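Reader: I am new to reading structures, and I would like to understand how the words used for them are justified. Could we go through some of them one at a time?

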Amino acid sequence: MTTGASERSAAAGLRFALEVRSLTKTFAGIPALSALDLTIEPGEIHALVGENGSGKSTVIKILAGYHRPDPGGEVRVGGERLVWGSAESSSALGCRFVHQDLGLVDGLSILDNLFIGGGFSCRFGTVLDRASRAAARAMLSQVGVDVDPRQLVGTLSPAQRTAVAVARAMKDTASGAVKLMVFDEPTATLPDNEVNQLLQTIRAVAARGVGVLYVTHRLDEIFVLAKNVTVLRDGRKVATVPVASVDRKKLVNLLVGSELDDAHAESVAVHTERGGPVLEVEALTAPRIDGVSFTARAGDIIGVAGITGSGRETILGTIFGAQPRTGGRVAVNGVAIRPSRPSHAMRSLMAYLPPDRKISGGVMTLSARENCSLSNLAPFWRVPWLRRRMERSEVASWFARLDVRPPRVEADLATFSGGNQQKILFAKWLRLGPSVFLLDEPTQGVDVGAKAQLHHQLLGAAAHGAAVIVSSSDADELVAICHRVLVLRGGRIVADLSKGEITVARISGESLGAGAPASEQEVRVG
Amino acid sequence: MTAPRRRINFGFDRFSGAYLWVLFIVVFGVWTPSLFLTSSTLHSVASQEAIAAMLGIAVLVPLVAGAYDLSVGSVINLSTIVVVVLQTSHHWGMWPAIFVAIGVSVVIGVVNGFLVVKLRVNSFIATLGMATVVTAIQEIVSGESQPLPPVSHAWNALTQTKVFGFQIVVLYLIILAFIVWWALEHTPVGRYLYAVGGNPEAARLSGVNVDKWTWVAMIASSTICGIAGVFYASLTGPSLTFGSSLLLPAFAAAFLGSTQLKPGRFNVWGSMLAIYVLATGVKGLQLVTGKQWLNDMFNGVALVGAVAFAVWRQRVAGSKPTAAPEPSEAEAQATGPGGAGSTREAVPASQHATAAGPDPAHVQSTAQ
């Protein structure tokens with residue numbers, strides 16, 4: 001590097017907290033990020049949006065020194081050049097990261113969490129409690145929260161926990177001040193009423209002259225928080241625009257092109273002749289489920305709503321046999337399903353998509369093809385070989401049908417983005433041609449485009465005569481796709497809403513036990 | 001499929017073993033051609049390592065399904081003693097003796113499976129305990145003295161026949177490797193075993209009978225040991241202690257093999273490659289120096305070195321993140337490997353109570 005160049009960039013460093021120039025990253029020949037340019041000024045909140053697989057996490061991982069980008073590009077933080085693949089360099093230049101997984105220890109106090117990496121006020125090796133507490137309080141107030149640092153982190157609200165993580169990240173290190181704070185979907189798991197508090201925290205960070213890169217799926221937040229927004233699609237930057245110059249519709253169009261509108265329209269156009277009863281659940285009991293009965297017909301799309309702990313999270317697993325059942329009867333097309341026997345349920349063409357694809361949905365170490373075909377290998381088994389070519393072509397056709405990207409059926413499942421993993425696991429069950437398709441949180445952590453695609457597939461399964469049952473904490477999702485919604489509370493069905501009654505307000509009201517909102521109050525037998 | 005294939009086809013990460021093998025052959029071939037580049041070296045390396053290679057295959061099967069079998073050394077030893085004692089002390093015929101020796105091994109496999117599947121004892125502990133119990137049984141059977149080798153032409157001919165200059169036991173090894181390769185790679189059974197090893201809960205929810213296949217893997221492991229024990233007895237004669245010395249090489253071959261050919265996955269041919277690459281290197285050095293301790297030194301260094309190399313290679317390629325975030329960065333919360341790396345590690349560790357689940361990815365992460 002010439003002296004001239006370094007002087008120039010030193011001057012530029014005064015203007016930008018982060019400066020990214022033609023950053024490119026290729027994985028096994030597939031570009032994940034193409035020539036990205038991005039600048040963030042000190043104190044600016046810059047939103048980065050894109051569907052899953054659009055390259056957002058690649059950017060973050062390069063900034064964190066986890067991935068080495070292809071040669072050619074450069075990243076400067078506060079004018080200093082980032083050394084590729086070095087987490088030390090990233091940290092020394094003042095980059096900090098706050099992930100969904102905050103890395104806090106619940107069983108320790110806020111104080112201990114803040115200083116566990118070093119920084120306790122000590123004398124003769126003994127922690128000075130009062131001085132440490134004062135320091136902790138100052139750190140917390142910087143991010144706009146006022147809590148006693150002696151409180152255990154486990155007792156805090158989700159937004160407060162995030163604030164503690166931010167406060168910890170804001171600590172200056174010996175090597176220099178914090179210049180760039182990256183938030184990776186910090187609000188994804190926050191309840192709505194806590195989001196505002198977190199946004200305050202983020203504004204407080206920016207107000208201290210730190211550049212903020214804010215990655216999110218929630219578009220509404222961008223409009224109240226960010227100054228500029230950069231949209232990525234398929235690894236390319238579609239646009240960087242001032243937030244003031246776009247509205248939600250325009251932003252969505254930038255994100256997904258026209259895809260969304262089509263798929264969404266189909267989601268709304270709910271239809272089908274309802275057939276005979278396919279799934280019968282009678283007096284089902286299990287831990288947290290207290291006598292649930294309902295019947296689903298072919299073509300039904302039934303939603304299951306309820307707050308955490310209402311039984312909503314376990315009811316589908318219990319029906320399928322993923323979790324033990326203590327009593328009651330489950331039957332598919334008149335055939336009783338034995339408890340705790342997934343393989344038995346599958347023989348009756350019952351399919352179950354578990355809520356967490358990493359823990360119970362997919363085998364991350366196997367390829368997409370192997371995951372997809374695992375549900376039924378019989379069609380490919382001709383003694384003495386598993387016919388891999390048949391297997392590959394069937395999986396490839398599912399890839400095409402669900403638009404899985406990249407279309408590499410032999411890649412490990414772990415290498416796909418969340419939305420694409422979910423599509424692959426969808427295919428795994430759809431290929432059985434299920435009579436009953438149970439889905440737990442089918443679109444959690446999935447981007448807008450993939451979500452529409454998954455909903456579209458779900459409607460297709462119902463149109464082919466399956467009874468589809470979706471358990472979701474996202475009331476919008478249930479409203480969009482269901483003909484009927486069962487609301488659980490305390491392990492019982494407290495409301496059975498049909499088409500006209502399904503609204504977000506109604507679902508939340510019933511879930512919380514507050515009854516229907518005032519406008520649609522009705523007398524219920526309690 | 002016209003989709004792009006994997007970029008690296010002859011890369012160092014998958015074929016480092018093969019390149020190393022070529023390197024050994026060239027180096028020792030140039031160094032000491034008169035000793036090293038002979039057919040007798042080839043034949044002796046091939047047959048000397050055949051039994052160890054069979055044991056490598058034996059431990060591989062449960063590892064694929066996410067379980068350890070540490071009893072392999074004891075089982076192969078017991079099988080050797082049983083087949084010999086029945087013939088020399090009890091004057092049984094060769095075939096009934098072989099049948100019983102293998103049968104006893106199958107029973108041990110059934111017990112191992114019972115402990116792991118039904119009693120839910122962690123496989124590491126269950127088979128470690130079983131190993132000790134089996135050693136005790138072996139002492140009972142042998143009366144704590146080394147039995148005399150059976151004297152019969154058929155018994156010697158079992159393994160000491162030559163095929164193309166090789167001891168026939170090499171052919172048995174190839175047949176065994178072929179069968180296990182076929183079962184693991186080309187049948188539904190193999191797919192189920194890999195799924196169980198990768199994520200037992202996801203496998204169960206996909207209709208795979210996790211308990212059954214874990215049990216089958218434990219039985220397969222012991223059975224292979226039983227067969228290998230019979231071959232050892234015929235090839236080398238009875239020994240009271242050789243089994244335990246084969247345990248580490250067997251696991252080394254399996255883990256080293258998981259860095260070869262199909263990186264990140266336990267696989268038969270990778271293990272075969274690993275065991276013979278090491279044997280070639282050791283043989284060459286022994287011919288040059290005449291030192292016996294080279295064997296242990298070489299095996300240990302090669303195991304750690306090869307795994308470290310594979311980790312480095314994968315990290316540079318970046319296509320398969322297996323690195324865990326470094327603890328010192330908890331403060332900065334530097335980006336971890338997202339879903340990929342952490343899952344590969346977390347899932348087996350949580351599903352199997354051992355801290356170190358037998359996931360190749362885990363070994364590699366730990367190596368950092």
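Author: Let us begin with the elements themselves: helices, of at least four residues, and strands, of at least two, are DSSP runs numbered from the N terminus. Counted in this way, chain B has 17 helices and two strands. Please keep in mind that this is a predicted model.

Reader: Why is Ala279(B) called buried or exposed, whichever applies?

Author: A residue counts as buried when its relative accessible area is under 20%. The relative accessible area of Ala279(B) is 9%, and therefore Ala279(B) is buried. This residue lies in helix α14 of chain B, which covers residues 268-289, and, leaving aside its neighbours within four places in sequence, Ala279(B) is in contact with Val45(B) and Glu49(B). In chain B as a whole, 57% of the 368 residues count as buried.

Reader: What makes Arg81(A) and Glu74(A) a salt bridge?

Author: The term asks for a side-chain nitrogen of Lys or Arg within 4 Å of a carboxyl oxygen of Asp or Glu. The side chains of Arg81(A) and Glu74(A) meet at 3.2 Å, N to O, so the pair satisfies that cut-off. As for their surroundings, Arg81(A) is partly exposed at 39% relative accessible area, whereas Glu74(A), at 19%, counts as buried.

Reader: How do you know which chains the salt bridge of Arg191(B) and Glu391(A) joins?

Author: The closest N and O atoms of Arg191(B) and Glu391(A) are 2.7 Å apart, and both residues are buried. Arg191(B) belongs to helix α10 of chain B (residues 188-198) and Glu391(A) to helix α15 of chain A (residues 388-402), so the pair joins two chains.

Reader: Why are Arg120(B) and Asp211(B) said to be exposed or partly exposed?

Author: Exposed means over 50% relative accessible area, and partly exposed lies between that cut-off and the 20% under which a residue is buried. Arg120(B) has 57%, so it is exposed, while Asp211(B) has 27% and therefore counts as partly exposed. The side chains of these two residues also meet in a salt bridge, at 3.1 Å from N to O. This pair links distant parts of the chain, 91 residues apart, with Arg120(B) in the loop between α6 and α7 of chain B and Asp211(B) in helix α12 of chain B.

Reader: How many disulfides does a search of the whole structure find?

Author: The search finds zero disulfides over all chains. Among the cysteines, Cys372(A) is buried, with a relative accessible area of 1%, and Cys225(B), at 0%, counts as buried too.

Reader: What makes β15 and β23 of chain A a pair of strands?

Author: Two strands pair if there are at least two bridges between them. Strand β15 (residues 301-305) and strand β23 (residues 484-489) of chain A are joined over four bridges, in the parallel sense, so they qualify as a pair. In β23(A), Arg484(A) is the bridge partner of Ile302(A). On the other hand, β23(A) and β24(A) pair in the antiparallel sense over six bridges, and these two strands form a hairpin with two residues between them.

Reader: Why are β18 and β24 of chain A called edge strands?

Author: Six strands of chain A form an open sheet in the order β18-β21-β22-β15-β23-β24, with mixed pairing. β18 (350-353) and β24 (492-498) are its edge strands, as each pairs on one side only.

Conventions
Residues are numbered from 1 along each chain as its sequence is written. Chains are lettered from A and ligands numbered from 1 in the order in which they are written. This is a predicted model: local features need pLDDT of at least 70, side-chain atom pairs count only at pLDDT 80 or more; totals for chains, interfaces and linings use all residues. Side-chain values use heavy atoms; hydrogens and water are left out. Buried means under 20% relative accessible area, exposed over 50%, partly exposed in between (1.4 Å probe, protein chains only). Contact means heavy atoms within 4.5 Å. A disulfide is a pair of cysteine sulfur atoms within 2.5 Å.
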